[in-house]
Amino acid sequence: MWWSRIWEIFLVTTEPRLRPVRDLPHALEAFDTLEAALNGREPAIFLDYDGTLTPIVSRPEDAILSAEGRAVVDTLARKRPVAVVSGRDRPDVETLVGIDTLTFAGSHGFDIRTPTDGVLALEGVGDYTALMDEVESRLKVGLDPIPGALVERKKFSVAAHYRLVSDEEYPVFRSVLDRLMGAVSGLKEKPGKKVFEIQPAIDWDKGKAVATLLGTLGLDDPGHAPMFFGDDVTDEDAFKALQGMNGIGVLTAPASDSDQGRVSAADFRVDDPDQVLDLLRRLTP
Ligand SMILES: O=P(O)(O)OC[C@H]1O[C@H](O[C@H]2O[C@H](CO)[C@@H](O)[C@H](O)[C@H]2O)[C@H](O)[C@@H](O)[C@@H]1O
């Protein structure tokens, strides 16, 4: 659609605007500014899962959405377009969120399903099952002996988690990944929160997934304002894409993240998942 095409052209010709996290206005305290940015448009809401809807916890399987969180998202989704765009495997995040009327993108946006269109065939995204099988098996052989290391298979990505790996063991953990990247071609590696994601080396990310969803869901028009909520490095792809679409990015991060030099392409921030829910309540008509 013409609207998507315009932002694609914009994206390749402009540099993203990055700001220190502490310089991002707090979305709840500056809600009037956020409303002004919406400028009468209906928000089309895209939600990350880990670190946004749920706090970061030690093990991926323990990141459970609260009943209250589910109710907030469900209530909002009855009034506004809502999609979940996660790094998790799509069926995993669908189960964790547990609202079957929503649209879901899993594997960092490589795997999209809408309630009306089913699983989308994405241009340029092929079948990488054999490649991901090889990555999974090599990582398991290398990482299983390392205490605390976790290998999480997703359809289009394999996550190597080191949150529970000791500082002493970390160099061994890292060397397994370096060996993998040296031995197998056609891969890219993306860092996240105490995790490295190994993916097919194709030009696809959460930003492209959001743009695709806006077109598929019929939301790529001047009456809608895409809003993306995320906390992690991979969410920056979506924040950057939104800058070219007159959208609004909301980062979940405390201002103190600036102390580690963190910058973001988001427009606003909130401190934690509880404040994400507060903001979603305020966006519910
Ligand atoms: O895009 P998201 O929905 O935020 O998913 C990003 C990754 O989240 C999960 O890992 C992260 O959260 C875990 C639970 O809090 C935590 O234990 C881990 O250290 C984090 O990296 C998930 O397991 C990954 O598959 C997602 O890619």
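## A helix across the smaller sheet's strands

Let us start with helix α6, residues 170-183, which lies across β8, β9 and β10. Its direction runs at about 155 degrees to β9. Everything described here comes from a predicted model, and the confidence scores are given at the end.

The strands under α6 belong to an open sheet of four strands, in the order β7-β8-β10-β9 with antiparallel pairing. At the edges stand β7 and β9 (187-192), each with a single partner strand, so one side of each has no neighbour in the sheet. From one strand to the next, the twist averages 20 degrees.

## Pairing inside the four-stranded sheet

Strand β7 covers residues 150-154 and pairs with β8 in the antiparallel sense over five bridges. These two strands form a hairpin, with two residues between them. If you would like a place to look, V151 stands opposite A160 in β8.

On to the next pair: β8 and β10 are also joined in the antiparallel sense, here over four bridges. A159 has E197 as its bridge partner in β10. Helix α5 (residues 129-143) packs on this sheet and touches β7, β8, β9 and β10. The direction of α5 makes about 15 degrees with that of β8.

## The eight-stranded sheet

The model also holds an open sheet of eight strands, ordered β6-β5-β4-β3-β2-β11-β12-β14, and its pairing is mixed. Here the edge positions go to β6 (118-119) and β14 (268-270); each has a single partner strand, so one side of each is left without a neighbour in the sheet.

At the β14 end, strand β12 (residues 248-252) runs parallel to β14, and three bridges join the two. One residue pair to find there is L251 with R269, its bridge partner in β14. This sheet has a helix across it too: α8, residues 235-243, lies across β2 (42-47), β3 (82-85), β11 (224-230) and β12. The angle between α8 and β11 is about 160 degrees.

## Two domains and their contact

How is the protein divided? Domain 1 is made of three segments, 2-14, 46-120 and 203-282, while domain 2 is the stretch 129-200. Their centres, taken over C-alpha atoms, are separated by 24 Å.

Across the boundary, 16 residues of domain 1 are in contact with 13 residues of domain 2. On the domain 1 side, the touching residues divide into four nonpolar, seven polar and five charged.

## Around the ligand

Which residues come nearest to the ligand? Of the 23 residues around the ligand, they are Y49, D50, P60, S86 and G87. By character, the shell divides into seven nonpolar, six polar and ten charged residues.

Both domains take part: the shell draws at least three residues from each of domain 1 and domain 2. Two strands that we met in the four-stranded sheet reappear here, since β8 (157-161) and β10 (195-200) each supply at least two residues of the shell.

## How confident is the prediction?

The mean pLDDT of the protein is 95, and 95% of its residues reach 70 or more. For the model as a whole, the scores are ipTM 0.99 and pTM 0.94. One reminder applies to any prediction: where pLDDT is low, the coordinates should not be read in detail.

Notes
Residues are numbered from 1 along each chain as its sequence is written. This is a predicted model: local features need pLDDT of at least 70, side-chain atom pairs count only at pLDDT 80 or more; totals for chains, interfaces and linings use all residues. A residue is near a molecule or strand if its C-beta atom, placed from the backbone, lies within 6 Å of it. Ala, Val, Leu, Ile, Met, Phe, Trp, Tyr, Cys and Pro count as nonpolar, Asp, Glu, Lys and Arg as charged, and the others, Gly among them, as polar. Domain bounds come from an automatic or database domain assignment. Two residues are in contact if their C-beta atoms, placed from the backbone, lie within 7 Å. Two strands pair if DSSP finds at least two bridges between them. Axes are lines fitted to C-alpha atoms, for helices over the stretch in contact, and angles run from 0 to 180 degrees between N-to-C directions. pLDDT is the predictor's confidence in each residue, from 0 to 100.
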